Each structure stands twice: as C-alpha cells, then as structure tokens.
Amino acid sequence: MTVRGQAVQAVRVEQHVGPVQEAYAALLLDAAADGVRVLMAGQGGVDIENQAGLRAETARLDDVPDAVRRVGAGLPPALTAAGLRMAAMFRACEAMLLEINPLFIRPDGSWLAGDMKLITDDNALYRQPALRALLAANAAHYPEVQLKLEHGFDYVVVDPEGDIGLVTTGAGLSMMLIDELRARGLRPYNFLDVRTGGMRGDPTRLIRVLEWIAAGPRIRIVLVNIFAGITHLGEFAKLLLQARAAVPQLAVPFVVRLVGTAFEEAEAVLGAAGIAVTTDLERAVALL
Amino acid sequence: MITRATKVLVQGITGRTGRMHSRMMRAYGTRIVAGTSPRPEPVDGIPVFKDCAAAVAATGATASVAFVGADALLGAIREAVEAGITLLVTPTEGMPVHDALAALALVRAAGVRWIGASTPGMAVPGEAKLGFLPEVALAPGPIGVMSKSGTLSYEVGYRLVQRGLGQSTWIGVGGDPVKGTRYAELVPYFAADARTRALVVIGEIGGSEEEELAGALSAQRFAKPVFALIAGRSAREGVTMGHAGAMVHGTAGSWDSKRAALEGAGARVFGAVAGLVEAVAAAL
C-alpha cells in the first residue's frame, strides 16, 4: 500500500480522542519578509489554507512568541499554548516549517497534535543531532538528504527509465540541462551537482556517481558537462578516467563538454582514451 | 556598486579558497588591501590582520569578501558589519537558515549591502570582481545580470560574451531561501544604471523571488527589456535539487507561476539557454 507514492511502513492505532474541536497552527519561514509567518485557526481541517477564519502575522524570529500571543488572542487559549510550544521547537530545531493540522482541542481545553509536519533545514542538521538521528532512522524516506549528509553533494534519479547519465556540476545548470534534454524528447536518468571543488584530487566521488548511474537499467550514454569556473580541467579529466576504469560495468560511450582552466590538457588526456571533448554544450547534446 | 578603486578586504584569506581567489580577484583588477585570519601573516604581499576592525582601521577597506565555513559565517558577517564594511559578499554554501535570518537583521540595522550566501559573487566587468565569477564569462557590456545560480549564469554569460555581449553589473544573489539581497531589491539599481540597457535574470523553480521581481518591475515601471531564464521546468514536486531554495510545493514557486508573473510584468521568459541568448542578441 502506498500513500502519495510513499510506501506505508506502519499504521499507528491511537486511543479515540473523543469529542474535540479541530484547530490549526503553523509556523512557516517567510523568506520574502525576512521572518516567520504565524498561522492559526480555531476551526479547520486538512484544507485550512483555503478557508476563511485563518489568522496570520509575520514576525522576526525573536518576536515569534509575541506574534503567537497576538494571533491567538480571541481564539481558544489552547492555540496560544500550543503556539508557544511550537515557537520554542521551531527555534530549537531550526525549522523551516512546523505545522499541526489537525490540532485537537478537548472540551476541558487541553490540546493534542492530530498530525504534525516539520521541514528541517538541511544546512543546520550538522548541529541538530536529534533530527539527524531521526532522519537516519528513516533513511529510506529521505534518500536525497541522506545522500547529501553522507557524501556532501546532490544526486537525484529523476527518471528511473532514463537512458542518459549526467555527470554535471552546479544545481541550476544541471536542472536546466535536464529541462533542455527533455524538451528534445531525450530521457536524462539523473540530476547531479557533484561540486568539483570538493573533490580535491580524489576520484571517490566520481566513482560513486558512475556506480549509481551504472545501476540505471537503460543507460546507453553518459554526458559530462563541467563549467565550474576554476576547476582545473586537466585534473578533472584524469579523475574521470580513473573513475571510469573503476566502474567497468558502465560500458557506454561518454560525451564530454568542458569549459575552464587547462582545457587543452583535458582534451589531450581524454583524447588519448578515445573520448572527444567540446566546449560547446549544444554540440555535445547533439551527439546524444 | 564597485570600481577598481574600491578597497576590498578578504576575510579568511589564509585558507585554501581565500588565498586562491584573492590571487584571481587581484589578477582581474580588484584592489585587495587587506585580509583577516587567526594566523595574521601577509599573503602575496597583502597585509593580514587578526580581525576586520583592525583591517579597516589600517587600510580603510569598505567592501569585504568572506571565505569562511558555513558554521563561522554568521560571526564573520557580524565582525564585518561592526567594523563598518558597507558591501559584503559571502560565497559560502550551506549557511543555516536561522543564521541567515540573524545576519539579515544585523545588515539591515547597519544599512550594509550583503550579497549571498551561496553566491559566486558579483562583478563590474572591466572594473573589479568580488568572488569567483569566471573571467571567460565576463566582459564589459550593456547587460545587467542577476542570478540565483552560479553555473547557469556562467553558461549564459559565456554564450553572450561569445556573441559580443558583455555585462554592466553582474550580481549573483545565490540559491539560498533567506539571503542578503533578493532580485527585487536590485531593480532600482539597474533602472538607474546608465550602462545597463537590458536585464538578464537567471532563475529557477522554488521560492518567490521571481514573483517578487515581477511585482517590483511593474510597480517601478522598469523601462528596460527584461529576459528571464528559469531552470527546473521539468522537476518533480517536493524534491530539492541542490539549491535549498529550489523546491516546489503545489503551485507556489512553480515554473508556470514564475513565467506568468514575469510575463505579466513585461519580461520575456525562456526555458532554454539558446532561446534566451538568441533573443538578447536580436534585441541589442
């Protein structure tokens, strides 16, 4: 059984909460306003964002508790109580979103979280050991985060049936390349921001990537696109060849496009291995 | 924003990255007058001080580029702001969002222009560059550039330069959700800058910056042509791709939302590099 594409691992059965009022409370990073948006409603359900009666205020991080009190004024007191607990947790966990929906309010005024959503800041996990442990314990649900924590770069399989492996650096350019290939009817297998600057002369990162690409059942070609400004291309070319030799199961042609320092050296190194190199991305894509 | 006369300080100059990029910025023409480091020994003849206050007092530096780790970035920003730096560029990737909120409060209170984090930097080609924009993509010219993505902006800048079109000012705002300078804040600068004849915006899915920019372009009746390239049209909902800001939830921050907003403000929006380059070349 799956819910929204996620395999159901377990079902938790809770004591019946009895007659309750269903309310809503959320704290959300509001990047455009340099602050945190406090949202509350005394009534509400799953589609709360579309309902009238939602009260909101954006506050600076330090002022969130005061904003909770202001937004909660006139609503059931349980909402302010919950909101203040949430404000402390939002700060302690360095959250980007914390939402309780539904928030059950019992007839005696006490409250209970019916469901909760937390969006973590991946960049803060290094100093959030409890969250890191939680993610590690549920690693299968958060493959991209686990990969980033473990290896220090970003890799996502975007089309399990894709036949073009991508060895790319830079998130924006890698995303754009995927868009452009798809617009031409091609099927890229993966997104990758390998961060050439973090490789430091070690082929391990490239070996990992080529192993993952090799796991794609239909891979027929690999496109390498590196335009990283300061990456020494001669060094990169040597690392690429070492990685390729270490992953013989990936027996497909490579198309390589490079722009940067020491292009001629890279051209010579890869040329000796029978791999043609271009500086023109459109030409490289035409070869796929 | 910067000229070859701007006195620049490099925080973290004795580290591997700081040392290398100080050399490259200097080779480009940037006037680096000082560095800071816990190990204050000169680097390539540049005097190095124990902190920003000492460096500013001795050299009169007004701009700083900080090459420090993500965990040290908030402290480095505080130090620069307290020393009186007025333009701060922070290429560091991975700054925690709550730190960025705290840093924003500091720079706003002090009236400091902060560019970053996760930025490749900024440049006024022919004058100076702060950060690591590659020279192969830089040339003086009529195009104002603002970008969330380093590598994608390199690709666009490189191809436009090959067509004989350089940049008036290039500002990488960075890919983080909370940042020192957002696109919309740069509209008055590019509107007033006489050398800028057109604006190229390099964006991506996620967040609301393109939509905010569209609002600012309309509200301020920006009169120069605007060309926008947005990456991530084919991305899956809910998956982060490299940039912390590049995640789509529902329709907010989607490619279509950004295109609609920008087109509504009179911009031309593209989903491929070649299309944008051709349109810019045809217009200028």
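In this predicted model, strand β5 (residues 87-90) of chain B pairs in the parallel sense with strand β6 (residues 113-116) of chain B, and four bridges hold the register between β5(B) and β6(B). Within this pairing, L88(B) stands opposite W114(B) in β6(B). The two strands are also linked along the chain: β5(B), helix α4 (residues 97-110) of chain B and β6(B) together form a β-α-β unit, and its hand is right.

A second parallel partner of β5(B) is strand β4 (residues 63-66) of chain B, joined to β5(B) by three bridges. Here L88(B) appears again, with S64(B) standing opposite it. The path from β4(B) to β5(B) passes through helix α3 (residues 73-82) of chain B, in a β-α-β crossover that is right-handed. L88(B) is thus a handy residue to pick out on screen, with S64(B) opposite it in β4(B) and W114(B) opposite it in β6(B).

Turning to chain A, nine helices and 14 strands are found. Chain A is more spread out than a compact globule, because its radius of gyration is 25 Å, well over the 19 Å that the globule rule gives for 288 residues. Along the principal axes, the C-alpha atoms of chain A fill a box of roughly 80 × 40 × 35 Å. Of the 288 residues in chain A, 38% count as buried. As for contacts in chain A between residues at least 6 apart in sequence, 62% of them join residues at least 24 apart.

Key: Residues are numbered from 1 along each chain as its sequence is written. Chains are lettered from A and ligands numbered from 1 in the order in which they are written. This is a predicted model: local features need pLDDT of at least 70, side-chain atom pairs count only at pLDDT 80 or more; totals for chains, interfaces and linings use all residues. Two strands pair if DSSP finds at least two bridges between them. A crossover is right-handed if, with the strands pointing away from the viewer, the path from the first strand over the helix to the second runs clockwise. The radius of gyration is taken over C-alpha atoms; the globule rule is 2.2 Å times the number of residues to the power 0.38. A residue is buried if 20 or more other C-beta atoms lie within 10 Å of its own, exposed if 12 or fewer, and partly exposed in between; C-beta atoms are placed from the backbone. Two residues are in contact if their C-beta atoms, placed from the backbone, lie within 7 Å.
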